[in-house]
Amino acid sequence: MDFALSNEQRDWQMTARKFADEEIRPISLARDAIPTARETFDWEIVKKGSKLGFRTLAVPKEYGGHGTDFVTQALVMAELARADSAMSKTFSQNWKWSHLISHACSDEQKARFLKPFVADDTFLLGKGISEPGAGSDNRLPPEDDPKSGLKLRAERKGDDWILNGEKCFIANAPVGKLFFIDARTDPSAPLRQGTTMFLVPRDTPGFRIGKVFNKSGWRFYQNGEMIFENARVPQANVVGQVNGAVRKAGGGGEDTTGGDIFGDLELCANALGICDDACQVAMRHARTVKQGGRYLFEQQIVQLHINKMYMLTEALRSFVLRVAWEHDKKIRSCNAGLAMNFSTDVVQQVTELYMDVRGVEGCSMDHHADKLARDAIIWSHLAGDSVQRMKVARRLS
């Protein structure tokens, strides 16, 4: 297994690092401090990043994208997250669903949706899964209970499907232009056998965005409600087979969940960026700030904290690159899910240690340390909750 980077991979990494340092970091804390959820977003940073290729990084070259490999995507994601995790996530969500378009959509759908996506610097993608009464049970539903999981309904009317219901906490909902939507098309069947996926443009009649959620972490990243009131979606926008939406790669057919293809890697690579940032700033703080006439780094407890921060971060880096390499080699393993779970433990331990290095200042006063800790806690329900860990454990058996 060779992790030596190619010139192209290194170029993308350096481009992302420069953009993170010069464009993202200068605005990160100010955007985080804005009290109103909708106003934390900044289209200018999206447009600037898009022009450098950060929005279309995963679109195949034949459709006008950059067609980069998974190692490149992991490197770029970590570099962007080193300056702001939420801004990195705003870009990488488009890679996640670009992968899904490439793997699960028909040639006609690819041509119809990828062309405008590539051409428009403000075209963002999203996927509607979670609902007010259906969260983790969408990830690990009872195999024989048709009442569990999502409730949004889709009924066939001629050449159209009529969607009714709600989604909530959906990434890019307030700012996206195209969404994958999972809906129940056979309410008498369990989730895995009764769900269909639809491509739903923002201007679909009967579809609107509701509340935008004001979160404690990932402030820049937009999450909102989706409301469907007799929303009319054409049959041509059905992805794959009717009642065939929930599929995992390796189990027959392509992955339509976003997890095996990219989602697990996305979370652990983003966490790596946060850890890199915390390590760098903690070391700088310890070597430049004095307490009792001595630099903080001269204290043994500070040395032990920083040692653990770097140790955990480098372990996560190895795991991230291993998973990205396996994806590029089309090796199917459980490592992506394990790395995702591991990233939860690492990012929260590293950011907590960073706050300890800063002492009282880090715990109650320093905006940067506080922001990293608030962003890191998100991994508890995205990558490391009990449902996610049990789901990954079942892949091992």
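Here are three short exercises on a predicted model, each with a worked solution.

**Exercise 1.** Work out which residues lie nearest the centre of the second largest pocket, and what lines it.

*Solution.* Start at the middle: Phe70, His99, His103, His327 and Lys330 lie nearest the centre, out of 19 lining residues. Next, sort the lining by class, which gives 6 nonpolar, 7 polar and 6 charged residues. Now look at the helices: α3 (70–83), α4 (85–104), α6 (259–288) and α7 (300–328) each supply at least two lining residues. Then zoom out to domains, where domain 1 (7–119) and domain 3 (256–396) each give at least three. The volume comes to about 340 Å³.

**Exercise 2.** Classify the aromatic pair of Phe54 and Phe91, and place it in the chain.

*Solution.* Take the geometry to begin with: the centres are 6.2 Å apart and the planes stand at 70 degrees, an edge-to-face pair. Then find the two residues: Phe54 sits in the loop between α2 (43–51) and α3, Phe91 in helix α4, 37 residues apart. Both Phe54 and Phe91 are buried. Finally, follow the ring pairs outward, and you get a cluster of Trp12, Phe19, Phe54 and Phe91.

**Exercise 3.** Do the same job for Phe179 and Phe207.

*Solution.* The ring centres are 5.9 Å apart with the planes at 80 degrees, so call this pair edge-to-face. Phe179 belongs to strand β4 and Phe207 to strand β6, so the pair ties together parts 28 residues apart in sequence. For burial, the cut-off is under 20% relative accessible area. Phe179 has 0%, so it's buried; Phe207 has 8%, so it's buried too.

Technical notes:
Residues numbered from 1 in each chain as written. Predicted model: local features only at pLDDT ≥ 70, side-chain atom pairs only at ≥ 80, totals over all residues. Heavy atoms only, no water. 1 Å grid on protein atoms, 1.4 Å probe; cavity = no way out; pocket = protein on both sides within 12 Å on 5 of 7 lines; lining within 4 Å. Points joined across faces, edges and corners; volume = space filled by probe spheres on them. Helix = DSSP H or I, 4+ residues; strand = E, 2+ residues; numbered from the N terminus. Nonpolar A, V, L, I, M, F, W, Y, C, P; charged D, E, K, R; others polar. Domains from an automatic or database assignment. Phe/Tyr/Trp six-rings, centres within 6.5 Å; stacked < 30°, edge-to-face > 60°. Buried < 20%, exposed > 50% of the residue type's maximum accessible area, 1.4 Å probe, protein only.
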